[in-house]
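Let's take a walk through this model together, one chain at a time. Have the viewer ready, and turn the structure as you read.

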Amino acid sequence: MFSGLMLNTWIAATAVAVIAGVTGFFAVLRGSTFAAHAIPNGAFAGAAGANLLGFNPFAGLAVFAVAGALGIAGLSRRARSDVATALTFVMMLGVGALFVSWSTEYAQEAYSLLFGEVFGVASDEVLPIVALGVVSVAAIAVMFRPLMLSSALPEVAEARGIKARRMDLAFLLVMALATSMTVPVVGALLMFSLMIGPSAAARSLTARPVLAIGLAVGIALVTVWTGIVVSYQTNWPLGFFVGILGAFFFLAGRAYRAAARSLRPRRA
Amino acid sequence: MGHLLRYLFEPGFFSSGPVHDALAVGAVVAITSAVVGVFTVTRGQSFAGHSLADIATTGGSGAFLIGVNQFWGFLAFGAGAAAFMEMIGVQRRRGRDVATGVVLGAALGLAALFLYLSTQESSTTGASFTILFGSIFVLTSSTIPALIVSALLALATVVVLARVLLLSSLSPDIAAARGVPVRAVGTAYLMALAISVALSAVIIGAVLSTALLIGPAATALRVAKGPVRAAAVAAGIGVLATWLGIVLAYDSYYWPPAGRGWPVSFFVVTLIVGSYLATYLRPRRQRAVPETLDTEHACSVA
């Protein structure tokens, strides 16, 4: 389980979990759950296009993820953001459907892009994944304070001269960056569960932001590691375990909060 | 004139049975999605609408696994998820989105498992593609009556509930004060949404059914005044986009590069997004929040 090829899997999956925990926390806090779903999923079209033209799929993913972030941010200027997200997203998927229909042998690869192929991480893929992970975590760290303020208290942030739109675009771009590296590993559909489940659970456990980010990363790591072990044993797809564990942790967090709330009056 | 028609419609377009079925079912589904979509956009539930489609995918792949027609799988999972979302749903929009996201994540995990299991059995990956992106030309005629009946059911639900639904969408407090059972209305609406999403999932695929739901409605709400007109315009845009998409897909059979035809879903999505973007070309009207109806309408319908 810890042999050469599997070592790549462990490193890549760990990097993915860290990045998912950090960006997911802000996605949940800002209420951009839909964008967190749309960007990785839409980016899959880019991989299909790159495959068609003979480019590196990472490049296609990155281009489409960034284009998606720009599209969502651009349309949101004059439309409601959920509508903007939905329309950008379906457009990317429509193009993806076109690309897939053009290429003949893409169906299998489309499946692995959507649902991930964590046991097939090549050695030369590990370095770019870790590097992009470091870059996106660093980007979040650099804009931590303004991002935190504009997510939690948008009015106060605006009063202090933090442009909400610019912050939104910056965050979406970081998410796009993170996505382009994670999609080939856990798959577009499951990257999303890894971002939302652990972060939502962490948010119901604590209100302190730094602690919550730490918890989100921790829960994401536990989810992915458990998923890899069980998936290795059973041969069932990793995505299944990630999705189910994410929901489990969310419900556990909710139950904990409900219990804490019902106990508090008695103590007082 | 005859030449032009020949140019627009490839020979055999009007005599093809699958095309007839596609045009008829496409229109019914487009109208249902568009009308339901007006409320989805007004209520700010685009994400829920999209999630129901994705969750329906899980049902579709489950149905494929046990050998039942996909539509029943779409419908069962969509309705189940709608009920579950309403159950754990929180009033605040952010909390609701997170609850939606978690349900969606779990459902996608299940979809991965179902698809994996069915590839184990039949070694075809084409199934996942059909489920996600749909194929309007392979409707089995036995499901068509079921499709149309459930579309009418969803449409009737929304039309009957229109007034209270609109009021409780725009101003839940006023609605509750007037004795509207806001939660029951919300649940009924989510059920109608689940049905219409399951329908369009059959037509253009689970992933792209969001386009039919959100696109025409968002466009209509930008150009039409009042809910009734918006619903009519949305239905018109939806039907036009679907029909034109079918015609273009049929024509594209000999187009480069593959010579196998371009997917219907691509054309439908492009036409819908294009029509939405076209509304930006119009001079802006004085309206505080676009894509929504204001409380003035809420009071006028109440």
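**A guided tour of chains B and A**

Of the 302 residues in chain B, 52% are buried. Please keep in mind from the start that this is a predicted model. Chain B is built with 13 helices and zero strands, so the pattern along its sequence reads α-α-α-α-α-α-α-α-α-α-α-α-α. Contacts in this chain often reach across the sequence: taking those between residues at least 6 apart, 76% join residues at least 24 apart.

Two residues of chain B make good places to see this. Start with B:Gly49, which sits in helix α3, spanning residues 46–66 of chain B. Is B:Gly49 buried or exposed? It counts as buried, because 28 C-beta neighbours lie inside 10 Å, and the cut-off for that class is 20 or more. Setting aside residues within four places in sequence, B:Gly49 has contacts with B:Thr40, B:Leu193, B:Val197, B:Thr210, B:Leu213 and B:Ile214. One of these partners, B:Ile214, is 165 residues away from B:Gly49 along the chain, yet their C-alpha atoms are separated by 8.4 Å.

Now move to B:Tyr189 in helix α9 of chain B, residues 182–204. B:Tyr189 is buried too, because it has 25 C-beta neighbours inside 10 Å. If you leave out residues up to four places away in sequence, B:Tyr189 touches B:Phe39, B:Val158, B:Leu161 and B:Leu165. For a sense of distance, look across to B:Phe77: it is 112 residues from B:Tyr189 in sequence, and the two C-alpha atoms are 16 Å apart in space.

Further along chain B, find helix α11 (residues 227–251) and helix α12 (residues 264–278), whose axes come within 8 Å and cross at roughly 140°. Why is this pair described as oblique? An angle must be over 145 degrees to count as roughly antiparallel, and so α11(B) and α12(B) are oblique to each other. Their crossing is right-handed. On the α11(B) side, the meeting residues are B:Ile237, B:Ala241, B:Thr242, B:Leu244, B:Gly245, B:Ile246, B:Leu248 and B:Ala249, and on the α12(B) side they are B:Val264, B:Phe267, B:Val268, B:Leu271, B:Ile272 and B:Ser275. Sorted by class, this contact holds eleven nonpolar, three polar and no charged residues.

Let's cross over to chain A. Begin at A:Gly31, in the loop between α1 (4–30) and α2. A:Gly31 is partly exposed, because 19 other C-beta atoms lie within 10 Å, while a buried residue needs 20 or more. Its C-alpha atom and that of A:Ser151 are 8.6 Å apart, although the two positions lie 120 residues apart in numbering along the chain.

Next comes helix α2(A) itself. Its 21 residues should span 30 Å at 1.5 Å a residue, and the C-alpha atoms at its ends are 32 Å apart, so the two values agree. The helix is mostly covered, with 19 of its 21 residues buried. After α2(A) comes A:Gly54, which has a positive phi, near 85°.

What does α2(A) pack against? Helix α2 (residues 33–53) meets helix α9 (residues 164–186) of chain A at an angle of about 50°, with the axes 9 Å apart. That angle makes α2(A) oblique to α9(A), and the crossing is right-handed. From α2(A) come A:Ala35, A:Ala36, A:Ile39, A:Pro40, A:Ala43 and A:Phe44, which meet A:Leu172, A:Met175, A:Ala176, A:Thr179, A:Ser180 and A:Val183 of α9(A). This contact has ten nonpolar, two polar and no charged residues. As you trace such lists, recall that an α-helix has 3.6 residues a turn, so residues three or four places apart point the same way.

Helix α9(A) also packs against helix α6 of chain A, residues 123–142: their axes come within 9 Å and cross at roughly 155°. These two helices are therefore roughly antiparallel to each other, and their crossing is left-handed. Here A:Pro128, A:Ile129, A:Leu132, A:Gly133, A:Val135, A:Ser136, A:Ala139 and A:Ile140 of α6(A) meet A:Val174, A:Leu177, A:Ala178, A:Ser180, A:Met181 and A:Val185 of α9(A). By class, the contact of α6(A) with α9(A) has eleven nonpolar, three polar and no charged residues.

Definitions and conventions:
Residues are numbered from 1 along each chain as its sequence is written. Chains are lettered from A and ligands numbered from 1 in the order in which they are written. This is a predicted model: local features need pLDDT of at least 70, side-chain atom pairs count only at pLDDT 80 or more; totals for chains, interfaces and linings use all residues. Helices (H or I, at least four residues) and strands (E, at least two) are DSSP runs, numbered from the N terminus. A residue is buried if 20 or more other C-beta atoms lie within 10 Å of its own, exposed if 12 or fewer, and partly exposed in between; C-beta atoms are placed from the backbone. Two residues are in contact if their C-beta atoms, placed from the backbone, lie within 7 Å. Axes are lines fitted to C-alpha atoms, for helices over the stretch in contact, and angles run from 0 to 180 degrees between N-to-C directions. Angles under 35 degrees count as roughly parallel, over 145 as roughly antiparallel, 65 to 115 as roughly perpendicular and the rest as oblique. A crossing is left-handed if the near helix is turned anticlockwise from the far one by less than a right angle, and right-handed if clockwise. Ala, Val, Leu, Ile, Met, Phe, Trp, Tyr, Cys and Pro count as nonpolar, Asp, Glu, Lys and Arg as charged, and the others, Gly among them, as polar. The expected span of a helix is 1.5 Å times one less than its number of residues.
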